[in-house]
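Let's take a walk through this model, starting with how far to trust it and then looking at a helix and a ring contact.

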Amino acid sequence: MAKQLPEPGSAEFHKALNEIGFKLDEPKICIMGDSHSRILWMAMFRINLGHRFYQTKLESAISEIKWAYKHQNCKKFIIASGQWPASRLAWENEKYGKPFSFSQMYTMFSAILRSNEIFAIDPDIQIYMRTIHLNPLGNYHTYCGEDHRPKDWRSPTVIDGYNLVIQELVEDV
């Protein structure tokens, strides 16, 4: 029978975690990224791996990794981000106004994987990059509006390009 956990962060929440064998003081695997990473986190939570989930954007990943190491005992990080940077939300974001290019993705992922700030804290921190999965092609991914541009760039071609960037960086680092 499923049991609903109390509000995260509360004393009751921590007590419930201890009751199911979740040790707050053990090193954690932290999952970072957008909504699709949350699904991985939920699966890991069900099998009782010590971990946390942080919804993060690439721009803030370095500071969030440092915070999670210091305050949440995270030693390993699984990062996946790429759905949002290719989505319509990137078009609508005042800062970007368009989906991320492959060179933007390379720059952002490279900054994380080569960060002296992160590895100065602990050279044994481990960062794993998860490739980005494809989405089904639906009206939203294939529809071009009045301006004749796709409303969402999460097409197989773009996601495959982001994954090639990840692969190149991981092999290089």
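pLDDT is the predictor's confidence in each residue, on a scale from 0 to 100. That matters here, since this is a predicted model. Averaged over the chain, pLDDT comes to 78, with 73% of the residues at 70 or more. Break it down by element and helix H7 (residues 116-121) comes out highest, with a mean of 93, while helix H8 (residues 139-142) has the lowest mean, 62. Where pLDDT is low, the predicted coordinates shouldn't be read in detail.

Now for helix H3, which spans residues 61-72. Its buried residues are Ala61, Ile62, Ile65, Ala68, Tyr69 and Gln72. Looking down the axis of H3, you'd find these buried residues within an arc of 145°, so they line one face of the helix. The spacing idea behind this is a familiar one: an α-helix has 3.6 residues a turn, so residues three or four places apart point the same way. Just after H3 comes Asn73, and its phi is positive, near 65°.

On to the aromatics: how many aromatic pairs does the structure hold? There is one. Phe102 and Tyr162 meet edge-to-face, with 5.8 Å from centre to centre and 90° between the planes. This pair ties together distant parts of the chain, as Phe102 sits in helix H6 (residues 102-113) and Tyr162 in helix H9 (residues 156-172), 60 residues apart.

And which of the partners is buried? Tyr162 is, because its relative accessibility is 0%. Phe102 has 40% relative accessibility, so Phe102 counts as partly exposed.

Note on methods:
Residues numbered from 1 in each chain as written. Predicted model: local features only at pLDDT ≥ 70, side-chain atom pairs only at ≥ 80, totals over all residues. Heavy atoms only, no water. Phe/Tyr/Trp six-rings, centres within 6.5 Å; stacked < 30°, edge-to-face > 60°. Helix = DSSP H or I, 4+ residues; strand = E, 2+ residues; numbered from the N terminus. Buried < 20%, exposed > 50% of the residue type's maximum accessible area, 1.4 Å probe, protein only. Arc of directions from axis to C-beta.
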